[in-house]
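User: I would like to go through this model one region at a time, with the reasoning behind each answer laid out.

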Amino acid sequence: MPVRFDATGKVTLDHIYTQPDPRAYFSVLRPLGYCVPQQAKPYFEKLIKEYREARHVEVPQVLDIGCSYGINAALLKYDATMDELYARYCGDEDRARAEEDTRSREELVARDRGLSRSRRPANGLRVVGLDTSAPALDYARETGFLDDAVHADLERNEPTPRQRAQFAGTDLVISTGCLGYVTERTLLRVVEAQEGGRPWMAHFVLRMFPFDSVERALEGLGYRTILVDEVFKQRRFASPEEQALVLDGMSAAGVDARGLEAEGWLHAQLYLSRPQDTPPVPTTI
């Protein structure tokens, strides 16, 4: 199969998000060192803790935009790690072991239900996933990683009454890499479904994507956004061609890639957004 690149220069990996289970997802991303959910975990945990204390909400509802197979949910609800999930779906021999895996989807679901039952934390979370991939959402919901799932493309469509009800009561909105493809249009539709409420937000956004329009749109809804000083590795480039295409795009946009993307890794930045009537957003964990 020829390698394809999207309009941003990134290699197209769409096929790994639409399989009936996560084995292809992890087997493709493991050699690339994909790690941003693990780096995001302590920031999300801190934000959730602060929200609980500030709003006195024992079980916050978190909306994970671009959730795929419920990776962030597994890390946050059951204290899983990316290394553990890689081993769980790929074994110890990376991709070769995964390709020889003959377990059925039903066997994987049953095993993952065991994970969700055995590690339920004392202070729970309710995680709702939003994604355009029905197979990924189905898997995450059946295993118990997600408590609810919304199959929708809010870039193109208004949420249905059912979807608005699923979004209602959202306390926090998180994402780890989808913004840039997902825009302020999706975020505004999520906030509008709250009927006056304004959830806190934390978005890990690749440096190649500007956040200005999202920040302006959120400001119009009464949010204040802070950029965290730290920069986070997302994954290695899949090939020298992908790196060259992305660097060209970053250069054209005036983004300095020296010491970061120029060294072979895609990097993300963290944007924290809270309503302006809440305390200032801390930028460290």
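The questions and answers below concern a predicted model.

User: In what order do the strands of the open sheet of 7 strands lie, and which are its edge strands?
Analyst: The strands of this predicted model form an open sheet with mixed pairing, in the order β3-β2-β1-β4-β5-β7-β6. Neighbouring strands of the sheet are turned by 20° against each other on average, with direction ignored. An edge strand pairs on one side only, and the edge strands here are β3 and β6 (223-236).

User: How many bridges join β2 to β3, and do these strands run parallel or antiparallel?
Analyst: Two of the residue pairs can be named, since Gly 129 has Ala 149 in β3 as its bridge partner, while Leu 130 has Val 150 in β3 as its bridge partner. The two strands run parallel, and the number of bridges that join β2 to β3 is 4.

User: What handedness does the unit made by β2, α7 and β3 have?
Analyst: The strands β2 (126-131) and β3 (148-151) are also among the elements that cover the buried residues of α7. Together, β2, α7 and β3 make a β-α-β unit, and its handedness is right-handed.

User: Within what arc do the buried residues of α7 fall, seen down its axis?
Analyst: Helix α7 spans residues 134-143, and its buried residues are Ala 136, Leu 137, Tyr 139, Ala 140 and Thr 143. Seen down the axis of α7, these residues line one face of the helix, because they fall within an arc of 160°.

User: Which helices are included in what covers the buried residues of α7?
Analyst: The residues to be covered are Ala 136, Leu 137, Tyr 139, Ala 140 and Thr 143, each of them buried. The cover includes strands β2 and β3, and the helices included in it are α4 (82-90) and α6 (105-118).

User: At the start of α7, which residue has a side-chain oxygen that reaches the backbone nitrogen of Ala 136, and which residue follows α7?
Analyst: At the start of the helix, a side-chain oxygen comes to within 3.3 Å of the backbone nitrogen of Ala 136, and this oxygen belongs to Ser 133. The residue that follows α7 has a positive phi, near 90°, and is Gly 144.

User: Is Thr 132 buried or exposed, and what is its relative accessible area?
Analyst: Thr 132 is placed in the loop between β2 and α7. Apart from its neighbours within four places in sequence, Thr 132 is in contact with His 151, Ala 152 and Asp 153. Despite these contacts, Thr 132 is exposed, with a relative accessible area of 53%.

User: Is Leu 154 buried or exposed, and at what relative accessibility?
Analyst: Leu 154 is found in the loop between β3 and α8 (161-167). With residues up to four places away in sequence not counted, Leu 154 touches Leu 130, Pro 159, Phe 167, Arg 185, Thr 186, Arg 189 and Val 190. Buried means under 20% relative accessible area, so Leu 154 counts as buried, at 2%.

User: What is the relative accessible area of Gln 194?
Analyst: Gln 194 has its place in the loop between α9 (184-192) and β5 (200-206). Not counting residues up to four places away in sequence, Gln 194 touches Phe 167, Ala 168, Gly 169, Thr 170 and Pro 199. Gln 194 is buried, and its relative accessible area is 11%.

User: Phi of His 56 and of Asp 79 is near what value?
Analyst: Most residues other than glycine have a negative phi. His 56 lies in the loop between α2 (36-55) and β1 (61-65) and counts as exposed, at 71% relative accessibility. Asp 79 is placed in the loop between α3 (71-78) and α4 and is exposed as well, with a relative accessible area of 52%. Phi is positive in His 56, near 55°, and phi is also positive in Asp 79, near 55°.

User: What distance separates the C-alpha atoms of Asp 6 and Leu 245?
Analyst: Asp 6 is placed in the segment before α1 (23-29) and counts as partly exposed, at 24% relative accessibility. Leaving aside neighbours within four places in sequence, Asp 6 is in contact with Thr 12 and Tyr 181. Asp 6 and Leu 245 are 239 residues apart along the chain, and their C-alpha atoms are separated by 10.0 Å.

Technical notes: Residues are numbered from 1 along each chain as its sequence is written. This is a predicted model: local features need pLDDT of at least 70, side-chain atom pairs count only at pLDDT 80 or more; totals for chains, interfaces and linings use all residues. Side-chain values use heavy atoms; hydrogens and water are left out. Buried means under 20% relative accessible area, exposed over 50%, partly exposed in between (1.4 Å probe, protein chains only). The arc is that of the directions from the helix axis to the C-beta atoms. Contact means heavy atoms within 4.5 Å. A polar contact is a pair of N or O atoms within 3.5 Å; within protein, one must be able to donate a hydrogen and the other to accept it, and residues adjacent in sequence count only if both atoms are side-chain atoms. Two strands pair if DSSP finds at least two bridges between them. Axes are lines fitted to C-alpha atoms, for helices over the stretch in contact, and angles run from 0 to 180 degrees between N-to-C directions. A crossover is right-handed if, with the strands pointing away from the viewer, the path from the first strand over the helix to the second runs clockwise.
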